Amino acid sequence: MTAAVAQIQTNSIEDAPLLKVQNLAKFYGSRVGCQNVSFDLFPGEVLGIVGESGSGKSTLLAALAGHHQPDRGTIHYRDQDILALQESERRRLSRTEWAFVHQNPRDGLRLGVSAGGNVGERLMSVGSRHYGNIRTQALDWLERVEISPDRIDDRPSSFSGGMQQRLQIARNLVTSPKLVFMDEPTGGLDVSVQARLLDLLRGLVRTLGLSVIIVTHDLAVVRLLADRLMVMKSGEVVEQGLTDQVLDDPQHGYTQLLVSSVLQV
Amino acid sequence: MNAQAYNFAYLDEQTKRMIRRAILKGLAIPGYQVPFASREMPMPYGWGTGGVQVTAACLVPEDKLKVIDQGADDTTNAVSIRKFFEKTAGVEVTEATGEASLIQTRHRIPEQDLSKDQILVYQVPIPEPLRFLEPRETETRKMHELEEYGLMHVKLYEDISRHGEISTSYAYPVKVEGRYIMDPSPIPKFDNPKLSDSSAIQLFGAGREQRIYALPPYTDVQSLDFEDYPFEVSKAPHDCDLCGAKDTYLDEVITDDAGSRMYVCSDTDFCSTRRQNGHVGRLGTPVSSEVA
Ligand SMILES: Nc1ncnc2c1ncn2[C@@H]1O[C@H](COP(=O)(O)OP(=O)(O)O)[C@@H](O)[C@H]1O
Ligand SMILES: [Mg+2]
Ligand SMILES: [Zn+2]
């Protein structure tokens with residue numbers, strides 16, 4: 001079983017990278033947001049980005065997802081130069097093949113629109129014009145993220161934090177994206193709620209074969225979800241490798257510190 | 001007050017030129033909201049200062065002006081605007097749709113088909129159809145620019161999920177020439193089909209929001225809908241009780257303390273013209289066809 005999974009992963013890693021990032025840098029005036037970041041993400045791979053607060057994780061993720069323009073470097077998605085795309089093309093990509101799960105569900109949901117409308121929006125934005133089909137898919141997705149179908153017409157403002165986050169995930173995944181960016185998706189939730197969400201995410205990532213870049217300061221999250229890890233400090237990547245390797249045998253002093261502090265918890 | 005104290009049609013020539021440029025730009029890009037520097041008018045915003053400024057910029061001394069509010073020429077709003085232009089422009093006024101060269105309206109499109117010699121000016125309170133779900137102006141502008149209109153269908157989706165049908169019954173959103181989504185102002189959706197392929201020029205003015213947009217003659221205007229919930233013009237299951245018309249937009253009028261009611265054309269000129277021509281509804285009385 002483990003061998004079979006390893007085999008699949010080896011095969012997928014032989015494919016061309018889905019995302020190829022070279023020498024990426026983003027500055028806030030003279031302050032470094034992130035710099036010298038290079039990596040490849042392969043189809044079906046989950047890459048975790050860890051590091052303490054202020055280490056540049058969100059800056060990097062936002063640059064990758066096109067929320068702001070990096071100052072240096074290149075990003076290629078399936079051989080397309082992302083930074084050279086027209087804004088309309090990039091926004092289209094963000095609504096179709098890409099998805100972004102915000103830490104705060106309020107940033108990723110429309111609180112004044114029903115749960116069904118939130119899930120359906122991406123479908124409508126890519127041209128779905130059949131109410132019945134949109135509703136069927138919304139119901140299907142609510143079920144997949146364990147939200148009762150009878151909540152479909154309720155507004156997310158009446159949902160718990162965990163439900164809002166699950167709704168945000170459904171809203172993002174309904175158009176079958178290939179690449180999902182997540183910024184601290186379990187942050188701000190109670191521990192038991194976090195565990196349930198992680199479990200759900202893990203299941204979705206596996207069954208849908210998603211490629212994911214997930215930012216977190218919580219090593220337990222990446223241990224459960226990520227195939228590979230990048231450790232950031234002061235805007236730079238100080239160590240990267242397979243998750244188990246990095247966590248069980250950290251090479252960089254900073255990673256050793258991170259790992260030991262999680263062990264203390 | 002004396003008409004000589006004002007420039008023709010109240011606004012100075014420079015302002016009118018600025019507004020005309022906005023109108024021309026609007027006509028060149030049907031359905032696109034053109035910003036303009038709205039001026040203070042001697043009336044409150046709720047009275048349609050956007051429409052009044054567009055009318056002022058279009059009027060010439062030979063014009064014949066008609067002003068309607070909810071289809072009627074005799075409401076306070078319509079009477080005040082008509083008087084305003086009688087006084088400041090000295091133009092002739094009329095209640096007859098067919099005789100007017102410029103019609104300013106709030107909440108209705110006349111029942112009678114308009115001709116290529118006519119201009120219809122709409123008063124618009126909120127020009128941005130996406131505002132309801134997206135309050136950020138920068139974002140709605142981007143959505144128009146990039147034709148990202150999924151959100152407009154979210155509004156219709158919400159209608160159906162809540163009411164079992166698209167319950168939006170006025171200011172029903174439309175797509176113009178397959179490109180811009182436009183708010184047709186708070187006309188009933190009954191009037192939406194008349195927006196499309198009209199012979200007249202249609203101009204929309206929003207004073208407080210400082211926007212002008214336009215439909216040149218014979219523009220294609222489609223009401224948004226879903227394949228399984230197609231746009232439908234709802235029609236009260238009545239005929240006009242005064243003129244017997246079967247296909248007009250009707251107002252419900254309570255006629256006595258016992259709650260008796262009648263249905264009459266909201267377009268008063270259309271109704272009275274029909275009665276002059278001998279049509280009689282359920283509660284109508286024949287009008288002498290003799291012309292005095
Ligand atoms: N909008 C901003 N303006 C200025 N500096 C910023 C901004 N956002 C982040 N930074 C700075 O960039 C660095 C990286 O921040 P961030 O990417 O948010 O880190 P993380 O997500 O790892 O906590 C920090 O020094 C932070 O103070
Ligand atoms: Mg962060
Ligand atoms: Zn009538």
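Begin by selecting strand 2 of chain B, residues 64-69, which is mostly covered, since five of its six residues are buried. What you have open is a predicted model, and everything pointed out along this tour should be read with that in mind.

**The sheet around strand 2 of chain B**

Keep strand 2 of chain B selected and add strand 3 of chain B, residues 92-93: the two strands pair in the parallel sense over two bridges. To find the register, pick B:Leu65 and look across to strand 3 of chain B, where B:Val93 stands opposite. Then turn to strand 4 of chain B, residues 102-106, which runs parallel to strand 2 of chain B and is joined to that strand by five bridges. Here the residue to pick is B:Val67, which stands opposite B:Gln104 in strand 4 of chain B.

Now widen the selection to the whole sheet, in which seven strands of chain B are arranged in the order 1-9-8-5-4-2-3, forming an open sheet with mixed pairing. Its edge strands are strand 1 (34-35) and strand 3 of chain B, each of which pairs on one side only.

From this sheet, follow the chain to the loop between strand 8 (201-206) and strand 9 (211-215) of chain B, where B:Gln210 is found. B:Gln210 has a phi near 55°, a positive value in a residue other than glycine, and at 32% relative accessibility this residue counts as partly exposed.

A second residue with positive phi can be selected in the segment before helix 1 (13-28) of chain B, which is the place of B:Ala9. B:Ala9 is not a glycine either, yet its phi is positive, at about 65°; at 0% relative accessibility, B:Ala9 counts as buried.

**Helix 4 of chain B and its two sides**

Next, select helix 4 of chain B, residues 137-145, and colour B:Glu139, B:Thr140, B:Met143 and B:His144, which are buried. These residues cover an arc of only 140° around the axis, which puts them on the same side of helix 4 of chain B. Rotate to the other side of this helix, and you will find B:Thr138, B:Arg141 and B:Glu145 exposed.

What do the buried residues of helix 4 of chain B pack against? Their partners come from both chains: helix 3 (87-95) of chain A, together with helix 5 (150-163) and strand 7 (180-182) of chain B. Just past the helix, look at B:Glu147, which follows helix 4 of chain B and has a positive phi, near 55°.

**B:Ser161 and its contacts with chain A**

Move along to helix 5 of chain B and select B:Ser161, which lies in that helix. With 15% relative accessibility, B:Ser161 counts as buried. Leaving aside residues up to four places away in sequence, B:Ser161 touches A:Ser114, A:Tyr131, A:Arg135 and A:Asp153.

**The sheet of chain A**

With chain A now in view, select its sheet, an open one in which four strands run in the order 2-1-4-5 with antiparallel pairing. Strand 2 (31-41) and strand 5 (80-81) of chain A stand at the edges with a single partner strand each, so one side of each is left without a neighbour in the sheet. At one of these edges, strand 5 of chain A is joined by two bridges to strand 4 of chain A, residues 72-77, and the two run antiparallel. Pick A:His76 there, whose bridge partner in strand 5 of chain A is A:Asp81.

**The zinc site**

Finish at the zinc ion (ligand 3), which is coordinated through the SG atoms of B:Cys240, B:Cys243, B:Cys265 and B:Cys271, at 2.2 to 2.4 Å. The angles among the four donor atoms are 104 to 119°, and the site of the zinc ion (ligand 3) is tetrahedral. Along the sequence, the donor residues are spaced C-x2-C-x21-C-x5-C.

B:Cys243 lies in the loop between strand 10 (221-223) and strand 11 (250-254) of chain B, and B:Cys271 in helix 7 (residues 268-276) of chain B, so this pair ties together parts that are 28 residues apart in sequence. B:Cys243 counts as buried at 1% relative accessibility, and B:Cys271 is buried too, with a relative accessible area of 4%.

How many disulfides are there over all chains? Taking a disulfide as a pair of cysteine sulfur atoms within 2.5 Å, the count over all chains comes to zero.

Notes
Residues are numbered from 1 along each chain as its sequence is written. Chains are lettered from A and ligands numbered from 1 in the order in which they are written. This is a predicted model: local features need pLDDT of at least 70, side-chain atom pairs count only at pLDDT 80 or more; totals for chains, interfaces and linings use all residues. Side-chain values use heavy atoms; hydrogens and water are left out. Buried means under 20% relative accessible area, exposed over 50%, partly exposed in between (1.4 Å probe, protein chains only). The arc is that of the directions from the helix axis to the C-beta atoms. Contact means heavy atoms within 4.5 Å. Donors are N, O and S atoms within 2.8 Å of the metal (3.2 Å for Na, K and Ca); water is not among the atoms, so sites may look incomplete. Four donors count as tetrahedral if all angles lie between 85 and 135 degrees; four count as square planar and six as octahedral if opposite donors are over 155 degrees apart and all others between 65 and 115; anything else is irregular. Two strands pair if DSSP finds at least two bridges between them.
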